[in-house]
Amino acid sequence: ELVEFTIDEEVISYVRENYSDDIKAAIKKLAKSERATELKDVAKAISADENCTSKEIEYSTVYEAVSIVKRELVRAMIVNEKVRADGRGLKDVRPITIDTNILPSTHSSCLFTRGETQALVVGTLASAKDGQMYEVLTEKSTSMENFMVHYNFPGFSVGEAKPMFGVGRRELGHGNLAKKALEATIDDDYSETVRLVSEILESNGSSSMATVCGGSLAL
């Protein structure tokens with residue numbers, strides 16, 4: 001089913017005809033956070049011009065129109081110019097840097113950096129009995145998890161100042177995602193315990209994929 005726009009087509013057309021160049025310039029910013037800030041600034045400028053103030057068009061409506069035009073421009077850039085939002089070609093990969101065993105007192109470690117995403121993955125080995133015990137409702141006995149991937153995403157990794165609370169749904173989801181990708185590399189007959197902890201130090205892209213890459217190298 002085709003989803004229709006919730007705002008007036010006239011507003012979208014006005015933004016498309018008069019501010020496409022400004023939106024395209026904002027799209028070409030290298031960092032994702034910079035693009036978001038620039039697009040908000042464009043929306044503020046549009047909502048403050050005479051056409052919008054005279055018709056009392058709200059900022060939220062203008063911002064939605066900017067988002068719609070942005071999607072159109074990004075698609076046109078990819079299809080016609082073969083260029084993505086940050087200026088890379090369709091086959092260009094961000095610069096990758098790998099440093100293994102950089103922590104002297106751990107069993108293994110890897111600092112994996114791809115563009116502006118960085119993960120420090122630390123591996124620890126232990127005996128079979130040091131695994132994580134858990135219970136399942138349908139079973140009477142206690143089970144043991146001997147391969148663990150823990151993912152931490154502090155606020156400073158995306159430039160935010162916020163307190164560090166317990167593990168949230170995002171951390172659990174990304175940790176499980178990385179675990180599914182990595183557990184195939186553990187031999188079936190390996191009975192000891194392996195724990196990987198991924199500390200995301202910087203994020204502007206897929207930090208879960210950085211966890212997989214860093215975790216694979218740490219293993």
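**Helices, salt bridges and unusual backbone angles in a predicted model**

Just after helix α4, residue K82 adopts a positive phi of about 60 degrees. The model examined here is a predicted one, and the description that follows starts from this residue before turning to the helices and the charged side chains. K82 is not a glycine, although its phi is positive, and its place is in the loop between α4 and β1, the latter covering residues 96-100. Most residues other than glycine have a negative phi. With a relative accessible area of 49%, K82 falls under the cut-off of over 50% that defines an exposed residue, and it is therefore classed as partly exposed. A positive phi is also found at N101, where the angle is near 55 degrees in a residue other than glycine. N101 belongs to the loop between β1 and β2, the second of these strands being formed by residues 108-114. The relative accessible area of N101 is 55%, and because exposed means over 50%, N101 counts as exposed.

Helix α4 itself, which precedes K82, contains 23 residues, and at 1.5 Å a residue these should span 33 Å; the end C-alpha atoms of α4 are 31 Å apart, so the expected and computed spans agree. The buried residues of α4 are V62, A65, V66, S67, I68, V69, L73 and M77. Of these, A65 may be followed in greater detail. A65 lies in α4, which runs from residue 59 to residue 81, and its relative accessible area is 0%, which means that it is buried, since that class takes in values under 20%. When residues up to four places away in sequence are not counted, A65 touches I7, V11, I12 and V15. The C-alpha atom of A65 is separated by 9.1 Å from that of Y14, although the two residues are 51 residues apart along the chain.

Two of the residues touched by A65, namely V11 and V15, are also listed among the buried residues of helix α1, which comprise V11, I12, S13, V15, Y19, S20, I23, A26 and I27. In contrast to the agreement described for α4, the 19 residues of α1 (residues 9-27) have end C-alpha atoms only 22 Å apart, short of the 27 Å that a straight helix would reach at 1.5 Å a residue. Helix α1 bends by about 75 degrees at Y19, a residue that is itself buried.

Charged side chains were considered next. The count of salt bridges in the model comes to five. Among them is the pair formed by R16 and E72, whose side chains meet with an N to O distance of 3.0 Å. This pair links distant parts of the chain, with R16 in helix α1 and E72 in helix α4, 56 residues apart. R16 also meets E9 in a salt bridge, at an N to O distance of 3.9 Å, and E9, R16 and E72 are in this way linked in a network of salt bridges. As for accessibility, R16 has a relative accessible area of 29% and is therefore partly exposed, E9 counts as partly exposed because its value is 39%, and E72, at 33%, is likewise partly exposed. A further salt bridge joins K162 and E160, with the closest N and O atoms 3.6 Å apart. K162 is partly exposed, with a relative accessible area of 47%, and E160 is partly exposed, with a value of 42%.

A charged residue without such a partner is found at E171, which is buried yet has no salt bridge. The nearest side chain of opposite charge is that of R170, which is 5.9 Å away from E171, whereas a salt bridge requires a distance within 4 Å. E171 is found in helix α5, formed by residues 169-182. The side chain of E171 reaches the backbone nitrogen of G168 at 3.2 Å. Leaving aside the neighbours within four places in sequence, E171 is in contact with Y151, N152 and F153.

Terms used: Residues are numbered from 1 along each chain as its sequence is written. This is a predicted model: local features need pLDDT of at least 70, side-chain atom pairs count only at pLDDT 80 or more; totals for chains, interfaces and linings use all residues. Side-chain values use heavy atoms; hydrogens and water are left out. Helices (H or I, at least four residues) and strands (E, at least two) are DSSP runs, numbered from the N terminus. Buried means under 20% relative accessible area, exposed over 50%, partly exposed in between (1.4 Å probe, protein chains only). Contact means heavy atoms within 4.5 Å. The expected span of a helix is 1.5 Å times one less than its number of residues. The bend at a residue is the angle between axes fitted to the seven residues ending there and the seven starting there. Lys and Arg count as positive and Asp and Glu as negative; His and the chain ends are not counted. A polar contact is a pair of N or O atoms within 3.5 Å; within protein, one must be able to donate a hydrogen and the other to accept it, and residues adjacent in sequence count only if both atoms are side-chain atoms.
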